[in-house]
Amino acid sequence: MAIEVSSHTRSGNWRVREWFPDLSEKTLLQLSSFHAELLTFNRAINLISSRTELDADLIHFADAILGSKLVLNDFNGSEIYDFGSGNGLPGVVLATLAPSHRVHLVESDARKVEFLKHVVAKLGLRNVIIHLSRVEDLPADSVDAVVSRGFASIQKSLLLARRSCRVNAKYFHFKGEAWVKEVTDIPSQMCRFWIPMHVADYSLPLGNAKLSLVATKKMA
């Protein structure tokens with residue numbers, strides 16, 4: 001499936017090099033290229049809100065970088081799934097930060113899958129596998145670790161992941177300030193199978209937004 005994209009490319013701020021001087025030159029160039037492709041393809045398919053295009057480096061990329069670093073500090077495995085990958089955030093960012101990890105991008109929208117294939121090829125990422133699939137259709141007991149951002153509520157995410165995640169699998173949720181309510185909304189019956197835990201809070205380089213990484217571990 002080909003995606004028609006206008007030759008006009010949108011521009012946005014790009015301050016990731018200034019905010020994350022610890023990243024390698026190769027990683028910075030990959031992220032910059034991803035940012036440019038995201039804004040270009042956003043004209044044809046709805047990848048991010050048009051209202052966030054100008055500051056996508058802050059709202060989307062800085063969030064994905066900071067949250068992914070926390071995931072990599074907390075998770076000892078080498079294979080991670082991004083459920084509802086859509087625009088590639090945070091899965092593609094995670095793959096650039098951890099080239100030794102295998103990252104699976106799971107997306108059910110064929111047009112977004114084509115975008116992900118294009119970006120992965122453009123960035124030369126060899127550690128990414130893309131699945132055109134619904135989360136609930138993945139093979140049973142095939143997943144040990146998951147990330148998702150802007151996908152669904154924690155409760156709904158766990159419902160969709162219950163078949164594919166093995167016992168002891170860990171699901172990392174990128175959340176805003178409403179994460180506490182989402183956790184309290186998890187039915188008690190579901191808490192017999194999943195234990196939620198707060199991993200860490202973090203802030204973006206600019207502004208006062210408070211973000212959190214929440215994990216849920218499958219117990220049975």
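Start by selecting Trp14 in this predicted model. How accessible is Trp14? Its relative accessibility is 27%, so Trp14 counts as partly exposed. This residue sits in the segment before helix H1, which covers 16-19.

Next, add Phe61 to your selection and show both side chains. Phe61 belongs to helix H3, residues 56-74, and counts as buried because its relative accessibility is 0%. With the two rings on screen, look at how they meet: Trp14 and Phe61 form an edge-to-face aromatic pair, with 5.5 Å from centre to centre and 85° between the planes. The pair ties together parts that are 47 residues apart in sequence.

Keep Phe61 in view and bring in Phe34. What kind of pair do the rings of Phe34 and Phe61 make? Their centres are 5.1 Å apart and their planes stand at 70°; angles over 60 degrees count as edge-to-face, so this pair is edge-to-face. Colour helix H2, residues 25-41, to see where Phe34 lies. Since its partner Phe61 is in helix H3, the contact links parts of the chain 27 residues apart in sequence. Phe34 is buried, with a relative accessible area of 0%.

Now show the three residues together. Ring pairs join Trp14, Phe34 and Phe61 into a cluster, and Phe61 takes part in both the pair with Trp14 and the pair with Phe34.

For a last stop, zoom out to the whole structure, where a search finds 5 aromatic pairs.

Conventions: Residues are numbered from 1 along each chain as its sequence is written. This is a predicted model: local features need pLDDT of at least 70, side-chain atom pairs count only at pLDDT 80 or more; totals for chains, interfaces and linings use all residues. Side-chain values use heavy atoms; hydrogens and water are left out. Rings of Phe, Tyr and Trp (its six-membered ring) pair if their centres lie within 6.5 Å; planes under 30 degrees apart count as stacked, over 60 as edge-to-face and the rest as tilted. Helices (H or I, at least four residues) and strands (E, at least two) are DSSP runs, numbered from the N terminus. Buried means under 20% relative accessible area, exposed over 50%, partly exposed in between (1.4 Å probe, protein chains only).
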